[in-house]
Amino acid sequence: MQKVSISNYSFKKSLPQEFQILELKQLYRNSSRVITKIHRSEFYHIIWFQKGKTRHMVDFEEIEIEPDTVLFLNQHTIHRFAQEGDAEGKVILFTDNFFSRSQDDARFLQSNFLFQNLFSVSYISLCRQKSTFSDIIDLMINESKQENSFFHSEILRHYLHCILLIVEREMHTRQDIEQYKSKEVEYVHLFSDLLEKHFHTQRTVRFYAGEIGITVKRLNQATTKIIGKSPKDIIINRIILESKRQLVFSNLNIKEIAYGLGCNEPTNFIKFFKKHCRATPCEFRERFPSA
């Protein structure tokens, strides 16, 4: 099969700020040819599917979307909207530059579980927070129509901050909220940051536990409690995800990808990939459906 060509999109330079809120149907009307093909975006997405059932492909995983689902996509995520644009909803697009005006802003965004690479896909069905969520979205839409000024950007940023807090609160109400105040959360955030920096070269749980300053057992307890996965599984998932991205997104050969991910022997990389994906790297690259 023909190899997929994945386009890389940065934020529109013609806009006064790196923030947009759009109707989902408007996005289809304006950019259907782009969004229904596999692409990588260098900005964040918050997609509220209000009505209708649909599908969304996120990093090679097809997600069945029910009404009132909110999907969170980190920057650089490879994804694709469904071909049919029947669903209704809102799409919020923004960049680090827009949101992170201070170190506290940057830390908040980086530590937010909604945009963590530890999870394959972050999405939530709105329940008791739906009314509040909807009200803030309406305020955001109204503010986006106002004249551009310093206050305009600040207000939009505060509304966006509220949206993220509201959804996190919704997540917390479904689990033991005390666990989010514990040391385990701090350890998971540190592990996540370290993993993004070192997964190309470091695969042992012992390395990450040592960098954090805790035992392997303690790190295992933390990730299992907060995420439901062992640190070993999280490391493997991150390497596999990067492998898939490079196989489909880049023109690197298998040996180059293997070396880039810390495998000195390409044959070991092939065995590792096949064990977890039930296909060799070449088979995965060849069979991936054309966009």
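Helix 4 (130-144) lies across strand 2, strand 4 (44-51), strand 7 and strand 9 (88-94). The helix runs at about 115° to strand 2. Axes here are lines fitted to C-alpha atoms, for helices over the stretch in contact, and angles run from 0 to 180 degrees between N-to-C directions. Contact means heavy atoms within 4.5 Å. Helices (H or I, at least four residues) and strands (E, at least two) are DSSP runs, numbered from the N terminus.

A word on the model. It is predicted: local features need pLDDT of at least 70, side-chain atom pairs count only at pLDDT 80 or more, and totals for chains, interfaces and linings use all residues. Residues are numbered from 1 along each chain as its sequence is written, and side-chain values use heavy atoms, with hydrogens and water left out.

Now the sheet. Its 5 strands are ordered 2-9-4-7-10, open, with antiparallel pairing. Two strands pair if DSSP finds at least two bridges between them. Strand 2 (19-23) and strand 10 are at the edges with a single partner strand each, so one side of each has no neighbour in the sheet. The twist averages 10° from one strand to the next. Strand 7 (residues 69-73) is joined to strand 10 by 4 bridges. T69 has S125 of strand 10 as its bridge partner.

Back to helix 4. Its 15 residues should span 21 Å at 1.5 Å a residue, and the end C-alpha atoms are indeed 21 Å apart. The expected span is 1.5 Å times one less than the number of residues. Which residues of helix 4 are buried? F133, I136, I137, M140, I141 and E143. Seen down the axis, they fall within an arc of 165°, so they line one face of the helix. The arc is that of the directions from the helix axis to the C-beta atoms. Buried means under 20% relative accessible area, exposed over 50%, partly exposed in between (1.4 Å probe, protein chains only).

Next, Q129, in the loop between strand 10 (122-125) and helix 4. Q129 is buried, at 7% relative accessible area. Beyond its neighbours within four places in sequence, Q129 touches I166, R169 and E170. Q129 and R169 are 40 residues apart in sequence, yet 8.4 Å apart in space, C-alpha to C-alpha.

Last, helix 11 (residues 266-277). P266, F269, F272, F273 and C277 are its buried residues. They fall within an arc of 120° seen down the axis, so they line one face. Their cover includes helix 9 (231-249), helix 10 (254-260) and helix 12 (281-287). Exposed K271 and K275 sit on the face turned away from the buried side. R278 follows helix 11, with a positive phi near 60°.
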